[in-house]
Amino acid sequence: MKRREFLTAQAALVGGAALVGNRLAAHEPLVQSDGADAAKASANPIRQSVMGWCFNPMDTLTLAKHCKAIGLEAMEGISPNHYDAVTKLGLKISLVGSHGFATGPLDPENHAEVESKLRNGIDLAVQYGAPNVITFTGMRKAGISDEAARRNCLDCWKRVIGYAEEKNVGLVLEHLNSKAHKNADGTIHPMKGHPGYWGDDIHLCAELVNEMGSEKFKLLFDIYHVQIMNGDLIENLRRYRTITGHYHTAGNPGRRELDDQQEINYPPIMRAIQASDYNGYVAQEFIPTSDDPIASLQQAFDLCNV
Ligand SMILES: O=C(O)C(=O)CO
């Protein structure tokens, strides 16, 4: 989108709400009717992907074949060792991995690793035509204040963003929930929440994206994590849609299927995404609980295929 079209679209989106640069400031009220989403969500099908780790221990190629049969367009969260085989099946790679969520740029001790993994991720994304590479803030650390955490993250990402722009690959910052989710035996589930994660407020993550000031640095809006930490999903999604580069799904509570045992109403959320003229991916990132995880994937695909 050209800059003038972008600004016109923004103006239409937010009516008179205040913009920071060309981006909506956190907590500014939005003025858009729900009807507008339904009207615009038509010839713009959601491009669906899946996070491979959720389907462990199913092997990646088996999952890939099911994805192809169901109609998903892409996969992510799989080892790059599988990229050749997966792309040969006709699937795309929607998101490339980099450093983990625990070893983020918040801590300068991680900077060398984060920088090198982001650069490697960008190279892989170019090789396989993936639009984005994931990044995280990392965990809070004693002795690092919020202000220092912000500065450390921005300093590190700013050393890489020029390379991302040159290669036309996006970096997407994932917001995560920081609540502890217990298993039945009282242990903490390692993937339903990430206690200690600093970027656990969607407004903070949006501020970081805005401070980066690059079209190649955007939000990874994980609907499950946002529901837990901030809620108000459609309002937040609309607020940040021009700075969102990727979406993840899951049912809440439990990071489970998108079924009627959970509380998030996905079809209107998908229509809100469509109405934003978003043309990136929405990746299913739920942990199947049923005996037939592929049936769960089919059900999630159908529900989001609005
Ligand atoms: O929990 C998540 O959503 C993650 O992507 C962590 O890697």
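## Close-up views of a predicted model

**Figure 1. The ligand and the residues around it.** In this predicted model, the ligand is surrounded by Phe101, Phe136, Glu174, Leu176, Met191, His194, Asp222, His225, Arg255 and Glu285. Sorted by class, this shell around the ligand holds 4 nonpolar, 2 polar and 4 charged residues. Phe101, Phe136, Leu176 and Met191 are on the nonpolar side of that split, while Glu174, Asp222, Arg255 and Glu285 make up the charged part. The two histidines, His194 and His225, are the polar members.

**Figure 2. Polar side chains facing the ligand oxygens.** Here we zoom in on three residues of the shell, Arg255, His225 and Glu285. An N or O atom in the side chain of Arg255 is 2.7 Å from an oxygen atom of the ligand. For His225, a polar side-chain atom lies 2.9 Å from a ligand oxygen. Glu285 also takes part, with a polar side-chain atom 3.2 Å from an oxygen atom of the ligand. On its own the ligand has 230 Å² of accessible area, and the protein covers 91% of it.

**Figure 3. The pocket that holds the ligand.** Where does the ligand sit? The space it takes is the second largest pocket. About 340 Å³ of space lies in this pocket. Its lining counts 20 residues, and those closest to the pocket centre are Met51, Trp53, Gly77, Ile134 and Phe136. Phe136 also belongs to the shell around the ligand. By class, the lining of the second largest pocket comprises 10 nonpolar, 7 polar and 3 charged residues.

**Figure 4. The largest cavity.** Searching the whole structure turns up 2 cavities of 30 Å³ or more. The view shows the largest cavity, with about 50 Å³ of space. Its lining is made of Asn44, Pro45, Ile46 and Arg47, together with Gln274, Tyr278, Asn279, Gly280 and Val282. These lining residues divide into 4 nonpolar, 4 polar and 1 charged, the charged one being Arg47.

**Figure 5. Two cis peptide bonds before proline.** One cis peptide bond joins Asn56 and Pro57, with omega at about 10 degrees. Pro57 is found in the loop between strand E3 (47-51) and helix H3 (60-70). Another cis peptide bond links Asn252 and Pro253, and here omega is about 0 degrees. The loop that carries Pro253 runs between strand E9 (244-249) and helix H10 (266-275).

**Figure 6. A positive phi at Asp232.** Which backbone angle stands out at Asp232? Phi is near 50 degrees, a positive value in a residue other than glycine. Look for Asp232 in the loop between helix H8 (223-229) and helix H9 (233-239).

Key
Residues numbered from 1 in each chain as written. Predicted model: local features only at pLDDT ≥ 70, side-chain atom pairs only at ≥ 80, totals over all residues. Heavy atoms only, no water. Near = heavy atom within 4 Å. Polar contact = N/O pair within 3.5 Å; in protein donor to acceptor, adjacent residues only side chain to side chain. Areas by Shrake-Rupley, 256 points an atom, 1.4 Å probe, with all protein chains shown as cover. 1 Å grid on protein atoms, 1.4 Å probe; cavity = no way out; pocket = protein on both sides within 12 Å on 5 of 7 lines; lining within 4 Å. Sits in = over half its atoms within 2 Å of the grid points. Points joined across faces, edges and corners; volume = space filled by probe spheres on them. Helix = DSSP H or I, 4+ residues; strand = E, 2+ residues; numbered from the N terminus.
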